[in-house]
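Here's a walk through one model, with the helices and the sheet taken in turn. Have the viewer open while you read.

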Amino acid sequence: MLQVSYIRENKEKVLERLAIRNFKQPELVEQIINLDEDRRATQSELDLISAEANAAAREIGDLMRQGLKERAEHIKSQNTGHKQKIKELGDKLSAIETLLQSELLLLPNLPHDSVPEGVTPEENITVLEHGNIPQLPAHALPHWELATKYDIIDFELGNKIAGAGFPVYKGKGARLQRALINFFLDHANESGYREIQPPIVVNEASGFGTGQLPDKEGQMYHIGIDNLYLIPTAEVPVTNLYRDVIVKEDELPIKNCAYTPCFRREAGSYGAHVRGLNRLHQFDKVEIVQITHPDNSYETLENMSLYVQSLLKKLDLPYRVLSLCGGDMSFTSAKTYDMEVWCAAQARWLEVSSVSNFETYQSNRLKLRYKSKDGKPQLAHTLNGSALALPRIVASLLENNQTEKGIRIPEALIPYTGFEIID
RNA sequence: GGAGAGAUGCCUGAGAGGCCGAAAGGAUCAGUUUGCUAAACUGACGUACUGGCAACGGUACCGAGGGUUCGAAUCCCUCUCUCUCCGCCA
């Protein structure tokens, strides 16, 4: 959520930045500024009357204590209108605030100056490509056929147990999952991320804190009886650890990571592009989350990008890095890099990570601040990234590394799997 | 699922209609002092909105929302959450 004071003082800049992301309702900015003015006027009026009422009450109290009951009664009779007025103004104020709040929620984050203009994914900028596109044998198979061939992932069985999008991993398939999780966690730990094991259900307040609620309500599984949501990403619980928190400046940066299963309803998805592991309702992911000083967040974003790339290099996966254009970035992001891995048999790039700087957009909602030794509390910057999401990594490992003898496991992963080939 | 207790500042915890934005202790920060570690003493020490160049003011906030009252952290109602005991269970 953007800060009203910032919008008020930088109206032109806000409009210009929103245009970069092709935002369709620029009139909201004007409305918000007007509402804010209204809010402040009402607030002052209310403050003034409250001050009068407080003064009168104090005087009555003093008089009562002195036993001057008559004079007290006199003042009482003179101040009968306050209560009514305070109530009216209070109601008016909260109505304005509710409206203001709901309009603020409709404004996306402002893209950073370095974010490319554009509307569609085609306008994303390829920052770099790394690795060689593998040459596959004549009868190369897509991963969902390989999964069946080697009996490592069973989509049918998942259908029976839960439904489409809930695969069952078996044997070496299951061990590969576990290996990847440990591989990712170990590397995150080595890079200074503290490991967190959070709840995988969250309450409403947490959903609001990171912005999944109210807009993405339909994308989360909701446990009605207890009013809890299955997390769509570890970002939600791990970032919400710092909701309503003021940290000390010298504690920054805060680096946390977590492995969790992630649950997404993916309502409305269908078609060939979501076959196999490409898009699931439940998947595993290691997430990295940082809270930084505003001065450092873009440097941190670059470092997080490099960190994710280092994982892909270790796994020998050809990848490219995209800088998302304004129109393709998520609502809450100020700048996002997507990492895509080449899936050889499908012959397409698949997104395996998304690294974003949210600047103060999340922290404003979370009320996540830092305090310098002398200064006032300031909003911190939050960043996160997948490091990494498993299914598409598995898909590309299967497709890219298929040989006559079986699926070759990359060198760096063998200590984790305990086997060199899936056959 | 049954019964009970509770929710106050960074933490512990007092406060039971006005003198309460809130005692006291701890933590933290600044200073004084002692040779170091440490201790003692002094001072500072919530957040948000808002007025003002500033000094300094105003308002709100004691889990949330309502109510009673001239006046509510304190009384009443509703809700949420936490804890304890019993039951069930990994």
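Which helix gives the largest share of the surface near RNA strand B? That's helix 3, residues 27-66, which supplies 13 residues. Keep in mind that this is a predicted model.

## Around the RNA

There are 19 residues around RNA strand B, and the ones that come nearest are Ser50, Ala51, Ala57, Ile60 and Gly61. Sorted by class, the surface near RNA strand B is a mix: seven nonpolar residues, six polar and six charged.

## Helix 3 on its own

Does the length of helix 3 agree with its residue count, or disagree? It agrees: with 40 residues at 1.5 Å each, helix 3 should span 58 Å, and its end C-alpha atoms sit 59 Å apart. Just past the end of helix 3 comes Gly67, with a positive phi of about 80 degrees.

If you're looking along the helix for which side chains face together, here's the usual rule: an α-helix has 3.6 residues a turn, so residues three or four places apart point the same way.

## What packs against helix 3

Start with helix 5, residues 82-104. Helix 3 and helix 5 pack with their axes 9 Å apart, at an angle of about 155 degrees. Roughly antiparallel is the label for angles over 145 degrees, so helix 3 counts as roughly antiparallel to helix 5. The crossing of helix 3 past helix 5 is left-handed, and by class their contact holds 13 nonpolar, six polar and nine charged residues.

Then there's helix 4, residues 69-78. Its axis and that of helix 3 come within 8 Å and cross at roughly 165 degrees. Helix 3 and helix 4 are therefore roughly antiparallel to each other too. Here again helix 3 makes a left-handed crossing, this time past helix 4.

## The sheet

Elsewhere in the chain listing, eight strands make an open sheet, in the order 1-11-12-13-16-10-9-4, with mixed pairing. Which strands stand at the edges? Strand 1 (125-130) and strand 4 (194-196) do; each has a single partner strand, so one side of each is left without a neighbour in the sheet. On average, and ignoring direction, neighbouring strands of this sheet are turned by 25 degrees against each other.

For a closer look at one edge, take strand 1 and strand 11 (residues 319-323). These two run antiparallel and are joined by five bridges. In one of these pairings, Ile125 has Ser323 of strand 11 as its bridge partner. As background, strands of a sheet pair through backbone hydrogen bonds, either parallel or antiparallel.

How values were computed. Residues are numbered from 1 along each chain as its sequence is written. Chains are lettered from A and ligands numbered from 1 in the order in which they are written. This is a predicted model: local features need pLDDT of at least 70, side-chain atom pairs count only at pLDDT 80 or more; totals for chains, interfaces and linings use all residues. A residue is near a molecule or strand if its C-beta atom, placed from the backbone, lies within 6 Å of it. Helices (H or I, at least four residues) and strands (E, at least two) are DSSP runs, numbered from the N terminus. Ala, Val, Leu, Ile, Met, Phe, Trp, Tyr, Cys and Pro count as nonpolar, Asp, Glu, Lys and Arg as charged, and the others, Gly among them, as polar. Axes are lines fitted to C-alpha atoms, for helices over the stretch in contact, and angles run from 0 to 180 degrees between N-to-C directions. Angles under 35 degrees count as roughly parallel, over 145 as roughly antiparallel, 65 to 115 as roughly perpendicular and the rest as oblique. A crossing is left-handed if the near helix is turned anticlockwise from the far one by less than a right angle, and right-handed if clockwise. The expected span of a helix is 1.5 Å times one less than its number of residues. Two strands pair if DSSP finds at least two bridges between them.
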